[in-house]
Amino acid sequence: NGISEGYNVEKQPWGYGRNLLAIDTRTKQVIWHYREQKPIDTRAVCMAGGQIYAYRFGTYLTCIDANSGNVLWRKTRESDPELFTSIGEYLPRQGWQTNWRTAAYLKCNQDALYFAGTQMDKLLALSAKDGRILWEHPYNNFQLILRPDAVYAISGPWGENVSKKFHPLTGEVLAELPTGRRACTRPTATSDSIIYRAMGGSIRFDLETDQPQWLSPMRPA
């Protein structure tokens, strides 16, 4: 049963906006203002390396200079059909197996953008420099933790798709990880570990040894 109005509708009804603002925290003055005609999906807004990325399914992917508000590059379905075909169509699924659709499905570092999550039918990596496709993986139930040395992709609770450790820019599988998440909590991280709910309790995945450590019977928030 739906837990609130809008919960079971096919399209996400919350979290869209047309405007991005940069505000000087000292003077409280607006430094720049950027506006899209079709609302941005806030689950796909991220920033790294002085660049802001904003996406709307099937419409645009924009890169904005965080200092000036100027558009550095912009992709649309018309200008780059190969990219939007690769991203695919929006998946309206949600539940404990895949997580809730409020989860972010775009993350970034200064080198690359990563699409993965409840709304995506694959894991897709793009260049932060110009938005070109770097690599992809077909499994559609990864949740990501980005680290300087690797992309840690924590798998979902079905099939034989184990979690994986990818090279950030090539997609080379650096390791297959003997672990996976379950239920609706999202992976998070510390300086030396990744933490998520798993069968029978919770997991602290140790990044030095690439091994899971079971924490029972703790259930994360």
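User: Is Cys 46 buried or exposed, and at what relative accessibility?

Analyst: This is a predicted model, where local features need pLDDT of at least 70, side-chain atom pairs count only at pLDDT 80 or more, and totals for chains, interfaces and linings use all residues. Residues are numbered from 1 along each chain as its sequence is written, and side-chain values use heavy atoms, with hydrogens and water left out. Buried means under 20% relative accessible area, exposed over 50%, and partly exposed in between (1.4 Å probe, protein chains only). Cys 46 therefore counts as buried, at 11%.

User: How far is the sulfur of Cys 46 from the closest cysteine sulfur?

Analyst: A disulfide is a pair of cysteine sulfur atoms within 2.5 Å. The closest cysteine sulfur to that of Cys 46 is in Cys 108, too far for a bond. By this rule the structure has zero disulfides. The distance from Cys 46 to Cys 108 is 3.3 Å.

User: Which cysteine has the sulfur nearest to Cys 63?

Analyst: Cys 63 is buried, at 0% relative accessibility. It is in no disulfide. The nearest cysteine sulfur is 9.3 Å away, in Cys 108.

User: Which residue forms an aromatic pair with Phe 142?

Analyst: Rings of Phe, Tyr and Trp (its six-membered ring) pair if their centres lie within 6.5 Å; planes under 30 degrees apart are stacked, over 60 edge-to-face, the rest tilted. The structure holds 13 such pairs. In this one, the centres are 6.0 Å apart and the planes meet at 85°, so it is edge-to-face. The partner of Phe 142 is Phe 166.

User: How many residues apart in sequence are the parts that Phe 142 and Phe 166 tie together?

Analyst: Strands (E, at least two residues) and helices (H or I, at least four) are DSSP runs, numbered from the N terminus. Phe 142 lies in the loop between β10 and β11, and Phe 166 in strand β13. Both residues are buried. The parts they tie together are 24 residues apart.

User: What is the N to O distance in the salt bridge of Lys 164 and Glu 176?

Analyst: A salt bridge is a side-chain nitrogen of Lys or Arg within 4 Å of a carboxyl oxygen of Asp or Glu. Lys 164 is buried, at 9% relative accessibility, whereas Glu 176 is exposed, at 54%. Lys 164 sits in strand β13 and Glu 176 in strand β14, 12 residues apart. Their N to O distance is 2.9 Å.
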